[in-house]
Amino acid sequence: MTKKRSRRRRIVRWTLGIVGGLLVAAIVGILVYSQVGVMAAEPEPLAAVRADERIAITDDSAAIVLAPAGASETGAGLVFIPGAKVDPWAYASILLGLVTDDGLTVVITKPWLNLAFFDLRPLSTFTDLAPGVGLWMVGGHSLGGVKACQLASDADALVLFASYCANDLSASGLPVLSLSGSEDGLSTPQKIADARHLLPADATMVEIPGASHASFGDYGPQPGDGTPTATDAEVEAVVIEQVGTLASALTR
């Protein structure tokens with residue numbers, strides 16, 4: 001009887017050791033994956049943002065805050081969540097016009113492990129960085145858009161950039177804007193269409209001709225993506241017009 005108990009204990013210890021080893025290996029693997037191959041912001045667009053005297057930049061540990069310099073704020077803002085393993089600064093240039101032209105405050109989050117999926121912080125973590133803003137849109141690119149959908153119940157509107165929801169917001173009554181690209185090889189037009197039923201019936205769906213997945217940020221080509229035919233300026237113009245129109249509707 002004693003031998004049987006001893007063997008059972010050894011089996012339990014071995015099993016726990018194996019499970020623990022696999023868990024440690026998985027954690028290490030995730031940490032390594034999250035840090036390798038991060039797509040950096042292209043230097044020229046980023047330099048132009050940092051040199052622009054029309055905006056005030058705050059580089060916080062949780063996020064980058066781009067706010068209108070002076071007294072041109074509208075009281076509306078956008079919390080923007082980057083795509084997987086993309087430098088948050090890579091989105092500063094395409095979103096710049098929302099600050100300079102529309103008076104919005106833009107908060108670009110810094111996801112844990114460079115992956116929004118693992119970021120458990122609530123929306124208030126980022127909106128609290130701009131306490132003067134009363135109306136908030138939440139949005140994101142690619143995986144960041146999926147995360148934005150999960151935080152949308154705490155926002156006044158949702159903006160998807162080459163992304164789609166995994167949770168059902170069809171009955172939320174939330175204003176939604178979906179911006180996608182005709183040449184996107186990752187969040188393809190078909191994937192956008194297949195997830196359309198998860199958005200409210202009156203969601204605004206805008207497919208930008210010639211835009212690819214990487215057209216929504218300045219970080220260079222992305223594996224698996226299509227070939228863009230639209231210029232960065234053309235894509236940025238649509239983004240600023242569409243998001244600006246949504247923000248204006250919220251503040252009326």
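1. Nonpolar cores. In this predicted model, the largest nonpolar core holds 43 residues, and the members that touch the most others are Leu-95, Ile-108, Met-137, Phe-161 and Val-243. Apart from this core lies another, of 28 residues, which includes Phe-126, Ala-130, Ala-152 and Ala-195.

2. Surroundings of Met-137. Beyond its neighbours within four places in sequence, Met-137 is in contact with Gly-77, Leu-78 and Val-79, with Leu-104, with Ala-157 and Val-159, and with Val-243, Leu-246, Ala-247 and Leu-250. One of these partners, Val-243, is listed with Met-137 among the residues of the largest core that touch the most other members.

3. Overall composition. The chain contains seven helices and eight strands. Of its 252 residues, 46% are buried. Among contacts with a separation of 6 or more, 67% are between residues 24 or more positions apart.

4. Helix α5. This helix spans residues 143-151. Its buried residues are Gly-144, Gly-145, Lys-147, Ala-148, Cys-149 and Leu-151. These buried residues pack against three strands, namely β3 (76-81), β5 (135-141) and β6. The list of buried positions includes a lysine, Lys-147, and also a cysteine, Cys-149, which is treated in the next point.

5. The disulfide. The structure holds one disulfide. Cys-149 and Cys-165 form it, with 2.0 Å between their sulfur atoms. The torsion about the S-S bond is about -80°, and the disulfide is therefore left-handed. Cys-149 belongs to helix α5, whereas Cys-165 is in the loop between β6 (157-161) and β7; the pair, 16 residues apart, links distant parts of the chain. Both cysteines are buried.

6. The loop between β6 and β7. Besides Cys-165, this loop contains Ala-162. Ala-162 has a positive phi of about 50° although it is not a glycine. The backbone value deserves a remark because most residues other than glycine have a negative phi. Ala-162 is buried, its relative accessible area being 0%, and Ala-162 is also among the contacts of Asp-184.

7. Asp-184. Which partner does the side chain of Asp-184 reach at 2.7 Å? The partner is the backbone nitrogen of Leu-186. Asp-184 is located in the loop between β7 (176-181) and α6 (189-194). Asp-184 is buried yet has no salt bridge, and the nearest side chain of opposite charge, that of Lys-191, is 7.7 Å away. Once neighbours within four places in sequence are set aside, the contacts of Asp-184 are Ala-162, Pro-189, Ala-211, Ser-212, His-213, Asp-225 and Gly-226. Another acidic residue, Asp-225, is thus part of this environment.

8. Salt bridges. The structure holds three salt bridges. One joins Asp-52 to Arg-54, with 2.7 Å between the closest N and O atoms. In this pair Asp-52 is buried, at a relative accessible area of 13%, whereas Arg-54 is partly exposed, at 47%. Another is formed by the side chains of Asp-119 and Arg-121, at 2.6 Å from N to O. Here Asp-119 counts as buried at 5% relative accessibility, and Arg-121 counts as buried at 14%.

9. The bridge between Asp-59 and Lys-110. The side chains of these residues meet in a salt bridge at 2.5 Å, N to O. Asp-59 lies in strand β1 (residues 55-59) and Lys-110 in the loop between β4 (105-109) and α4 (124-127), so the pair ties together parts 51 residues apart in sequence. Asp-59 is partly exposed at 46% relative accessibility, and Lys-110 is partly exposed at 25%.

10. The loop between β4 and α4. Along with Lys-110, this loop holds Asn-114. Asn-114 is not a glycine, yet has a positive phi of about 60°. A check of the backbone at this position may be combined with that of Ala-162, whose phi is also positive, at about 50°.

Notes:
Residues numbered from 1 in each chain as written. Predicted model: local features only at pLDDT ≥ 70, side-chain atom pairs only at ≥ 80, totals over all residues. Heavy atoms only, no water. Helix = DSSP H or I, 4+ residues; strand = E, 2+ residues; numbered from the N terminus. Buried < 20%, exposed > 50% of the residue type's maximum accessible area, 1.4 Å probe, protein only. Lys, Arg positive; Asp, Glu negative; His and termini not counted. Salt bridge = Lys/Arg side-chain N within 4 Å of Asp/Glu carboxyl O. Polar contact = N/O pair within 3.5 Å; in protein donor to acceptor, adjacent residues only side chain to side chain. Contact = heavy atoms within 4.5 Å. Core = buried A, V, L, I, M, F, W, Y, C linked by side-chain atoms within 4.5 Å. Disulfide = S-S within 2.5 Å.
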